[in-house]
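Q: Hi! Got a minute to look through a model with me?
A: Sure, put it up and ask away.

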Amino acid sequence: MTITPTLKKIERKSLVSPKGFTATGIHCGIKHKKKDLAIVISDIPASVAGVFTTNAIQAAPLKVTKDVVYNTKKMQAIFVNSGNANACTGKQGYLDALAMQQLASDQFSIAPELIGVASTGVIGEPLPMAPIIHGTPKLHPNDDLTGALDFAQAIMTTDTVMKNTSYATTIDGKEIVIAGVAKGSGMIEPNMATMLGFITTDAAIESEHLQAALSAVTEKTFNSITVDGDTSTNDMVLVLANGLAGNNTLTPTHPEWATFLAALEMVAQDLAKLIAKDGEGATKLIEVNVTGAVSDEQARKIAKTVVGSPLVKTAVFGCDANWGRIIAAVGYSGMEIDPDTITIKLGDILVVEDSEPVKFSEDQAMNYLKQHEISISVDLHHGDGEGRAWGCDLTYDYVQINASYRS
């Protein structure tokens, strides 16, 4: 699929699509049966950027990985386990995160300060190190699709589907590939969300500029999704750029900087939407588009407030065209609005104009809301700002899944 003349989606989407990356995932025994240990490796140390949860309670792996991102400023491998978050586990948890880093270092002959670690799963239980110790030698990263899919499976918790995407573009006459994988299904309320996201690229770019690019893109993508309003202790997005594509080093003054940003944003947006769509128990992806706000930032915040409203989410689940819940969420968003100039559409169906009800077919609206992807448009007629956010409906299954998460 062609997104722009120079940006193309890769159908065989894979974390190892860019040059010089290998990956794998296995079952080591943290979980009963499913894969739970994974690693992705760059052939050479790569530039690195990261964004992390804003929760004041941060898991041990985040502390170890932040040290690599902010101090080493290079990363060659990301070592991940699922089934246990290694969060709220005290001093031993931090030592276990360091031990994971050292295990990968010893197994793959990579300096420990070049290895990021990540964990996801149950909070407050000690990380079972024995399965990880025994499983690490069984990891055999490769550059084929199977290895990448094994990685994607091994980082999942309550996810129902793998989340992968890849794009290719051209910079300095060289093909640049950016690929990503993520996990996330519940506790999704960035800044950051309950999620892990790993992005690889063979573009040449220094960590400083990669960090600026990721931070800018995150606001429009990962920070614009919500499932249930909870913010996790473990969440991170990491980008590794190893430069093996051979382009001239990217900076904000590079003539094709915007091309790189567009590709990175598409990868992040795909992953963000996949996470929102796979919300625990979800049956529908909801996209809220806000226009006419006083700024883009305010538009995104309003969109996120609407898509995060439990009453809006349950109305969509019940196929109820209750636009009153939408306009109420706009009103309590805390952003600047004119309460008399709001227009709302469900898909193409106009339901509110200038903040007053419009006659519409309830049957037509109900049939629209039965679809698996729902669009809500809000025009504030109050400025030039625009923004989007994504979320999902709130279902009976969400309650059931989270009521028995530890069992």
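Q: Which residues does Lys-163 touch, not counting residues up to four places away in sequence?
A: This is a predicted model, and in it Lys-163 touches Gly-180, Val-181, Ala-182, Lys-183 and Gly-184, along with Leu-271, Leu-274, Ile-275 and Asp-278.

Q: Okay, and is Lys-163 buried or exposed?
A: Buried: its relative accessibility is 0%, and the cut-off for buried is under 20%.

Q: Where is Lys-163 found?
A: In strand β7, which covers residues 163–171.

Q: What does the side chain of Lys-163 make a polar contact with?
A: The side chain of Asp-159, at 2.7 Å. The Lys-163 side chain also reaches the backbone oxygen of Val-161, at 3.1 Å.

Q: Moving past the end of that strand, what about phi of Asp-172?
A: It is positive, near 55°, in a residue other than glycine. Asp-172 is found in the loop between β7 and β8 (174–183), and at 27% relative accessibility it counts as partly exposed.

Q: Cys-88 has a positive phi too; where is Cys-88 found?
A: In the loop between β5 (74–84) and α2 (90–108). Its phi is about 60°, and Cys-88 counts as exposed at 51% relative accessibility.

Q: New topic: how many residues of strand β16 are buried?
A: 6 of the 8 in residues 385–392, so strand β16 is largely enclosed by the rest of the structure.

Q: In which sense does β16 pair with strand β11?
A: Antiparallel, over 7 bridges, with β11 spanning residues 285–293. Ile-286 stands opposite Gly-391 in β16.

Conventions: Residues numbered from 1 in each chain as written. Predicted model: local features only at pLDDT ≥ 70, side-chain atom pairs only at ≥ 80, totals over all residues. Heavy atoms only, no water. Helix = DSSP H or I, 4+ residues; strand = E, 2+ residues; numbered from the N terminus. Buried < 20%, exposed > 50% of the residue type's maximum accessible area, 1.4 Å probe, protein only. Polar contact = N/O pair within 3.5 Å; in protein donor to acceptor, adjacent residues only side chain to side chain. Contact = heavy atoms within 4.5 Å. Pairing = 2+ DSSP bridges.
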